[in-house]
Amino acid sequence: MNDNEKTEIFVTGGAGYVGSHSILELLKNGYSVVAVDNFSNSKPGKDQTMPESLKRVQCLAGKELTFYEVDLLNKDSLKQIFQKHTFSCVVHFAALKAVGESCRVPLDYYRNNVGGSVNLLEVMQEFNVKRIVFSSSATVYGVPLYLPIDETHPVGSTCTNPYGRTKYFIEEILKDVSKSEKGWSVILLRYFNPVGAHESGIIGEDPHGVPNNLMPYISQVAVGRLKELMVFGNDYDTVDGTGVRDFIHVMDLAEGHVSAVKEILTAEFKGCTAYNLGTGKGYSVLEVIKAFEDACSVKIPYIIVDRRDGDVDSIYADVSLAEKCLGWKSKRSLKQMCEDTWRWQSKNPIGFRT
Ligand code: NAD
Ligand code: WQD
């Protein structure tokens with residue numbers, strides 16, 4: 001048994017896209033993982049004991065993890081888990097994340113994301129577990145004042161939707177908690193645009209319903225589940241008029257979580273620090289379509305439609321802080337993001353139900 005195996009990590013939202021890929025990396029790095037999910041945006045396993053995504057993660061890792069079906073809004077269930085285990089750290093992925101839906105049902109988002117996080121923090125405090133790595137988002141920056149965007153850029157004031165504001169509010173709550181008493185350690189990971197899948201094609205992104213995001217939409221067009229892609233606007237001030245984003249391979253992101261966990265477990269780490277997780281390079285929507293067509297030898301029919309409300313023209317990260325402090329840097333190219341997305345989608349045309 002190595003030292004990490006004695007280190008139990010509590011992972012919320014572990015059955016989801018980023019959670020499942022990150023758990024794989026945590027297991028591969030020797031950590032023990034206890035994961036929870038309420039399946040609001042993921043699929044339970046056939047026997048209800050372990051979601052299909054995490055069954056596959058266990059196969060890929062050659063190692064087991066513990067899973068409980070729990071809703072963060074149910075504080076008693078959370079407490080029962082904390083009674084059974086001794087956690088060194090929490091990695092908090094669980095959240096609702098659909099931007100458009102958050103505008104229609106903002107209170108659901110505030111209750112689930114903010115309320116669920118407050119419950120989690122209260123239980124952590126009760127059981128003296130005071131280290132947390134939080135899934136934040138580049139969305140907290142709102143409309144960029146400059147590019148590339150670094151962690152000192154203002155957050156919150158120009159967030160364009162309730163989902164983004166839940167991330168901003170949770171960040172603020174975590175900052176307050178970390179100042180309120182000694183011993184709290186908080187890492188805010190601000191993801192840019194996670195895409196791709198594990199290189200095996202065995203796990204990947206499996207959104208409920210019609211995808212909101214670009215890459216899963218493209219891959220569902222490629223596999224024939226959707227007819228054509230709608231490109232939201234071609235009159236932005238960018239290289240070809242379409243939106244520019246910092247797409248990051250989900251396995252790079254997963255490795256970023258392992259680096260963050262290693263950092264937060266050191267005696268030196270204290271307080272609350274935010275890190276951007278991106279590549280530092282932006283690609284336009286048309287560039288992504290072209291890269292996907294080239295990498296996967298498939299045609300992606302698309303039409304140009306109006307701009308989508310709340311979209312900015314360009315956003316990409318300054319990633320130097322994560323490299324300096326976490327020793328982490330993304331490695332995978334856009335080509336690899338497309339190839340791995342396609343391997344997952346073509347092997348699993350209807351996701352984890354395949
Ligand atoms: P996801 O929906 O695939 O995973 C989130 C998981 O949390 C789901 O399995 C869902 O069922 C679960 N969940 C939600 N509410 C819960 C609750 N109350 N109790 C227990 N489980 C709950 O999303 P993802 O893409 O893996 O995102 C993970 C985290 O990263 C989220 O916090 C998201 O806001 C954040 N994030 C994602 C992106 C992205 O584009 N994927 C970008 C930036 C930040
Ligand atoms: C990327 C580009 C679209 C779909 C979202 C959230 C953000 C974060 C990451 C969680 C934009 C264009 C998209 C389509 C298109 N999530 N597009 N046709 O909006 O940068 O970020 O996911 O925290 O909070 O807002 O990602 O993938 O939706 O869009 O033309 O069908 O693709 O206009 O330019 P976005 P996205």
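Start at ligand 2 and select arginine 308: an N or O atom in its side chain is 2.8 Å from an oxygen atom of the ligand. The model on screen is a predicted one.

Keep ligand 2 in view and add two backbone positions. At leucine 214, a backbone N or O atom lies 2.8 Å from an oxygen atom of ligand 2. At asparagine 212, a polar backbone atom is 3.4 Å from a ligand oxygen. On its own, ligand 2 exposes 680 Å², and the protein buries 88% of that. Two elements, α7 and β8 (229–232), give two or more residues each to the shell around this ligand. The largest share, four residues, comes from β8. Now show the whole shell, which holds 18 residues; Ser137, Tyr163, Met230, Arg245 and Asp311 are the closest.

Tyr163 is a convenient bridge to the next stop, as it is also listed among the closest residues to ligand 1, along with Val18, Asp37, Asn41 and Phe93. In total, 26 residues surround ligand 1. Select three of its polar partners in turn:

- Aspartate 37, where a polar side-chain atom lies 2.6 Å from an oxygen atom of ligand 1.
- Valine 18, which places a polar backbone atom 2.7 Å from a ligand 1 oxygen.
- Lysine 167, with a side-chain N or O atom 2.7 Å from an oxygen atom of ligand 1.

Ligand 1 taken alone exposes 820 Å², of which the protein buries 96%. Colour α1 (17–28), β5 (131–137) and α6 (162–180) to see the elements that give two or more residues to this shell. With three residues, β5 gives the most.

Next, hide the ligands and display the largest nonpolar core, a set of 44 residues in which Val11, Ile23, Leu65 and Val133 touch the most other members. Helix α8 (residues 250–264) supplies the largest share of this core, eight residues. A second core, separate from this one, has 26 residues, including Val70, Phe82, Phe87 and Val90. Return to valine 11 and select its contacts beyond four places in sequence: Ile23, Leu26, Val33, Val34, Ala35, Val36, Val91 and Phe93.

Finish on helix α11, residues 334–347. Its 14 residues reach 20 Å from first C-alpha to last, close to the 20 Å expected at 1.5 Å a residue. Select its buried residues: Leu334, Met337, Cys338, Asp340, Thr341, Trp342, Trp344 and Gln345. These pack against the helices α2 (52–61), α7 (214–222) and α9 (285–296), and against the strands β7 (193–195), β10 (247–249) and β12 (283–284).

Conventions:
Residues numbered from 1 in each chain as written. Chains lettered and ligands numbered in written order. Predicted model: local features only at pLDDT ≥ 70, side-chain atom pairs only at ≥ 80, totals over all residues. Heavy atoms only, no water. Expected span 1.5 Å × (residues − 1). Buried < 20%, exposed > 50% of the residue type's maximum accessible area, 1.4 Å probe, protein only. Contact = heavy atoms within 4.5 Å. Core = buried A, V, L, I, M, F, W, Y, C linked by side-chain atoms within 4.5 Å. Near = heavy atom within 4 Å. Polar contact = N/O pair within 3.5 Å; in protein donor to acceptor, adjacent residues only side chain to side chain. Areas by Shrake-Rupley, 256 points an atom, 1.4 Å probe, with all protein chains shown as cover.
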